[in-house]
Each structure stands twice: as structure tokens, then as C-alpha cells.
Amino acid sequence: MGTRLLSEQLVKKRFPHLKYVRIHTPEKHKATIYAWNEDLNLPEKDAESLQRYASGYLYPYVSYEVKAYNLVQTDKVPLPQDFPEAVVQTAKRRNLNQHGIIEAINRLFPCGHLSFVYYDAAESLIYFDFHAIRNLQNREKEAMYKYLNEIIPLGSYCEVTFY
């Protein structure tokens, strides 16, 4: 499953001369790859190679766009955040599926149970329910959304209904 962290790792491995790589989902079914080399630029040749690579080898259900890394700020891409190691390891699993996503969230939030409801392919929206054994604080709900957004596929969003 093509998560942001896995995709960034694959791009960095394939293009080790690109020192700055950030991938972001700006809208449904789309992902933007921001990259720069050590000279703080993105030569046209690299942009074209990166575009071909992304379209051929990264998560196939997404339309990719390649931009220079300095456009991260202009495009208002959220700053990279630190995530628990469990989220990072889950996001980098090549065999990740809905069961792995649910398992990871349930380990991180033992105060309830996450379940998959359905996937709206047209809207690229994954729906989950979280049945809590106690009321969750807003910061816990926000953290769950952040973690889920790291372990769902590029080009997708999620909604969680809390019970």
C-alpha cells in the first residue's frame, strides 16, 4: 500500500542524490512529490525521471506531480512531524492492508476498537468507526487522525466516527 513514508523511502533509495524529498496528498487521487538535490534545485532531467518512476513504480491509483522542494511552503504542505515508531514502521510495510492499519491503531489506542466501514472510491475517502470504552479527548482524536493519515494510501483521506 503506497503510504507517504514508504513512497518517500522508495524515492530516496532510487534517487539518492535527491537530498530533500517530501510527498503530499493535495487532493483526492493525487500526490505531489517535492524534491531538491544538494544544490537546492530540481533539474528538469531529474523531474522527468522522478515523474516516470512515480507513475511506473509508486502507488498506482494516484496521479503524481513533481515540483521543486521550495514550493512546499507556497503550497502550504504541513511540516513533517515526529510519529511514534509503531506508525513509522506500519507506514513503511510493503504488505500493509486494512487489517494492518486497524491493528496498528488499536495497539496505539487500547481505549477502544477501530473498525473499517467502507471505502468511497469516487471520493478517495476511507470510513472508520472507533468504539471507545471511555470518552476520548480532542487531542487523542487529533492524534488518531494524524496517525491514520500516515498509514493510509497516498491520494486518500479518512473519516472516523467516534462512539
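Which elements cover the buried residues of α5?

**View 1. Helix α5 and its surroundings in the predicted model**. The cover over the buried residues of α5 includes α4 (85-91), β4 (112-120), β5 (125-132) and α6 (138-151). Helix α5 spans residues 98-108, and its buried residues are Gly100, Ile101, Ile102, Ala104, Ile105 and Asn106. At the N-terminal end of α5, Asn97 acts as a cap, with a side-chain oxygen 3.0 Å from the backbone nitrogen of His99.

**View 2. The largest nonpolar core, with Leu114**. This core has 25 residues, of which Leu114, Phe128, Met144 and Leu148 touch the most other members. Two or more residues come from each of α4, α5, β5, α6 and β6 (157-162), and α6 gives the most, with five residues. Beyond its neighbours within four places in sequence, Leu114 is in contact with several residues, including Ile102, Ile105, Phe130 and Val160.

**View 3. The aromatic pair of Trp36 and Tyr69**. The ring centres of Trp36 and Tyr69 lie 5.8 Å apart and their planes meet at 40°, so this pair counts as tilted. The two residues are 33 residues apart in the chain, with Trp36 in strand β2 (residues 30-37) and Tyr69 in the loop between β3 (63-68) and α3 (71-74). Trp36 counts as buried because its relative accessibility is 17%, which is under 20%.

**View 4. Charged ends over aromatic rings**. The charged end of Arg14 sits over the ring of Phe15, 5.0 Å from the ring centre, and Phe15 also belongs to one aromatic cluster with Tyr53 and Tyr57. The charged end of Lys141 is placed over the ring of Phe162, 5.1 Å from its centre.

Key: Residues numbered from 1 in each chain as written. Predicted model: local features only at pLDDT ≥ 70, side-chain atom pairs only at ≥ 80, totals over all residues. Heavy atoms only, no water. Buried < 20%, exposed > 50% of the residue type's maximum accessible area, 1.4 Å probe, protein only. Helix = DSSP H or I, 4+ residues; strand = E, 2+ residues; numbered from the N terminus. Contact = heavy atoms within 4.5 Å. Polar contact = N/O pair within 3.5 Å; in protein donor to acceptor, adjacent residues only side chain to side chain. Core = buried A, V, L, I, M, F, W, Y, C linked by side-chain atoms within 4.5 Å. Phe/Tyr/Trp six-rings, centres within 6.5 Å; stacked < 30°, edge-to-face > 60°. Lys NZ or Arg CZ within 6 Å of the ring centre and 35° of its normal.
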